[in-house]
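Here's a quick briefing to read with the model open on your screen. Have a look at the structure first, then work through the notes underneath.

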Amino acid sequence: MLKPNKSEALGSEPIAGLLIKQAVPASIGILVMSLNILVDTIFVGNWIGSIAIAAINVVLPVSFFIAALGMAIGIGGSSIISRALGANDSGKALKTFGNQITITLLLTVSMVVLGLVFINDLIPAFGGKGDIFEPAKIYYRIVLYGVPVLALSMMGNNVIRAEGKPKFAMIAMIIPSVGNLILDYILINLLDMGMEGAAWATTASYICCFFYILWYFLSDNSELKIDISHFGLDWPILKEMSALGFVTLARQAVVSVTYLLMNNILFDLGGEASVTVYGIIGRMLMFALFPVLGVTQGFLPIAGYNYGANNYSRVRESIKLAITYACGVALLIFILIMAFPEAIVSVFTQDEAVLKDTPNAMRWVFAAVPIIGIQLIGSAYYQAIGKAVPALLLTLTRQGFFFIPLVLILPNYFGEIGVWISFPIADTLSTVVTAYFLWRETRQNLETVA
């Protein structure tokens with residue numbers, strides 16, 4: 001059954017305050033999660049060595065892709081749930097949630113089995129060559145065991161946010177982050193377990209997150225109270241969920257392909273040191289953009305709920321404010337990165353080759369960050385309202401349609417600098433494309449039906 005509707009605030013409170021209320025907990029959760037990744041990298045780099053940073057960077061695309069199945073199912077189903085709650089369709093909301101759990105388990109367990117079977121082929125394919133191979137294999141095997149639990153947690157976290165409960169979603173992101181850092185200190189520094197310690201700390205933190213989310217849905221805090229009948233797969237819901245979730249999965253697939261290409265291209269251009277440079281910059285991208293991603297996460301349930309309730313003026317207002325907030329914080333991030341790249345890099349490692357090459361590369365990678373909010377909010381809007389095809393195409397513009405071709409072409413002419421300048425060019429082109437389609441959608445659809 002569905003408890004009394006507490007999510008109705010999404011359709012009644014002022015957008016400015018509501019967006020902040022939704023975005024701040026999401027931002028804090030992403031911040032803590034990003035800090036976890038950042039500090040984890042610092043611990044690994046200082047307590048194990050710079051090669052360990054490269055090894056983890058090799059494993060990330062594989063484990064993240066499998067975990068992204070849970071995120072994709074979570075976001076795809078949450079779009080349905082938000083709109084169903086807005087339309088007071090409790091049956092569809094409950095059935096969708098049950099289907100999310102079933103399909104997440106089926107897919108992620110299957111992917112983990114395949115990932116373990118082909119371990120010796122996947123690691124070198126993703127750049128785990130030379131001295132990187134053995135530590136990457138150790139980390140990969142252990143982390144993979146916890147990926148189904150992580151996938152369920154990521155799925156559940158998006159459903160919590162769809163219910164309009166951002167504080168609980170924030171706590172769900174904080175628990176594994178704090179747990180991982182504590183366990184890193186114990187297993188790596190105190191017990192000297194090396195890469196095994198880093199991997200077990202990560203896996204155990206996933207399990208802690210899962211138990212918190214399980215408690216949330218079993219408690220009175222959740223409106224969604226499902227029973228055994230909701231777990232049976234429903235084809236129309238599954239089809240809609242898959243179409244919307246495929247947007248997220250495709251984005252993560254492209255991210256994984258990007259890691260594969262970058263690790264191999266950079267290894268050929270500069271060896272292990274260049275892969276480590278990318279590992280540090282990748283962590284900074286995850287960390288520095290946390291408020292922009294938080295605004296995007298906060299925007300999704302507001303846009304979805306009000307679209308489902310046919311309140312299009314609130315949808316338009318949420319788009320404008322989300323872009324304003326996202327671009328504002330992105331500008332501040334840009335200023336800090338441009339001003340202090342050397343100080344940032346020195347926190348991760350004292351390797352002279354890495355210290356020399358990373359600051360300039362980081363400046364290039366972050367050069368177009370001030371406008372990236374437009375691209376993120378634009379593609380998120382289409383996902384929130386259930387338009388899977390434009391959401392997919394706009395999501396893929398940045399890395400799929402622009403970055404990957406650029407990074408395959410430019411290094412042939414400019415060497416390693418060609419890799420780094422591919423980032424701002426792709427960001428700029430994808431933002432222009434997204435801005436055009438979002439403007440057209442707002443003028444043609446939201447204006448005419450308001």
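What follows is a short tour of the open space, the enclosed space, the core and two local spots.

Keep in mind that this is a predicted model. Its largest pocket has a volume of about 320 Å³, and its largest nonpolar core has 133 residues. There are also two cavities of 30 Å³ or more.

**The largest pocket**
- Fifteen is the size of the lining: of those 15 residues, Phe-97, Ile-101, Leu-214, Phe-217 and Ile-226 sit closest to the pocket's centre.
- Helices H3, H6 (147-162) and H8 (194-218) each put at least two residues into the lining of the largest pocket.
- H8 is the top contributor to that lining, with five residues.
- By type, the lining of the largest pocket splits into 13 nonpolar residues, one polar and one charged.

**The second largest cavity**
- This cavity holds about 130 Å³ of space.
- Residues lining the second largest cavity include Ser-78, Ser-79, Ser-82, Asn-158, Arg-161, Gln-297 and Gln-383.
- At least two lining residues come from each of H2, H6, H11 (290-308) and H15 (372-384).
- H2 has the largest share of this lining, at four residues.
- The second largest cavity has five nonpolar, six polar and one charged residue in its lining.

**The nonpolar core**
- Inside the largest nonpolar core, the residues with the most contacts are Met-262, Met-284, Phe-299, Met-362, Phe-366, Tyr-381 and Trp-420.
- Helix H2 (residues 50-86) supplies the largest share of this core, 14 residues.
- Which residues does Met-362 touch, leaving out those up to four places away in sequence? They are Ile-280, Ile-281, Met-284, Ile-337, Pro-341, Ile-344 and Val-345.

**Thr-102 in helix H3**
- Thr-102 lies in H3, which covers residues 90-117.
- Is Thr-102 buried or exposed? Its relative accessibility is 18%, and the cut-off for buried is under 20%, so Thr-102 counts as buried.
- Setting aside residues up to four places away in sequence, Thr-102 touches Phe-231 and Leu-233.

**Helix H5**
- H5 runs over residues 133-145, which is 13 residues, and at 1.5 Å a residue it should span 18 Å.
- The end C-alpha atoms of H5 are 19 Å apart, so the model agrees with that expected span.
- The buried residues of H5 are Phe-133, Pro-135, Ala-136, Tyr-139, Tyr-140, Ile-142, Val-143 and Leu-144.

Key:
Residues are numbered from 1 along each chain as its sequence is written. This is a predicted model: local features need pLDDT of at least 70, side-chain atom pairs count only at pLDDT 80 or more; totals for chains, interfaces and linings use all residues. Side-chain values use heavy atoms; hydrogens and water are left out. Buried means under 20% relative accessible area, exposed over 50%, partly exposed in between (1.4 Å probe, protein chains only). Contact means heavy atoms within 4.5 Å. On a 1 Å grid over the protein atoms alone, a cavity is a set of points where a 1.4 Å probe fits but cannot get out, and a pocket is an open set with protein on both sides within 12 Å along at least five of seven lines; lining residues have an atom within 4 Å of a point. Grid points are joined across faces, edges and corners, and a volume is the space filled by probe spheres set on the points. Ala, Val, Leu, Ile, Met, Phe, Trp, Tyr, Cys and Pro count as nonpolar, Asp, Glu, Lys and Arg as charged, and the others, Gly among them, as polar. A nonpolar core is a set of buried Ala, Val, Leu, Ile, Met, Phe, Trp, Tyr and Cys residues joined through side-chain atoms within 4.5 Å. The expected span of a helix is 1.5 Å times one less than its number of residues.
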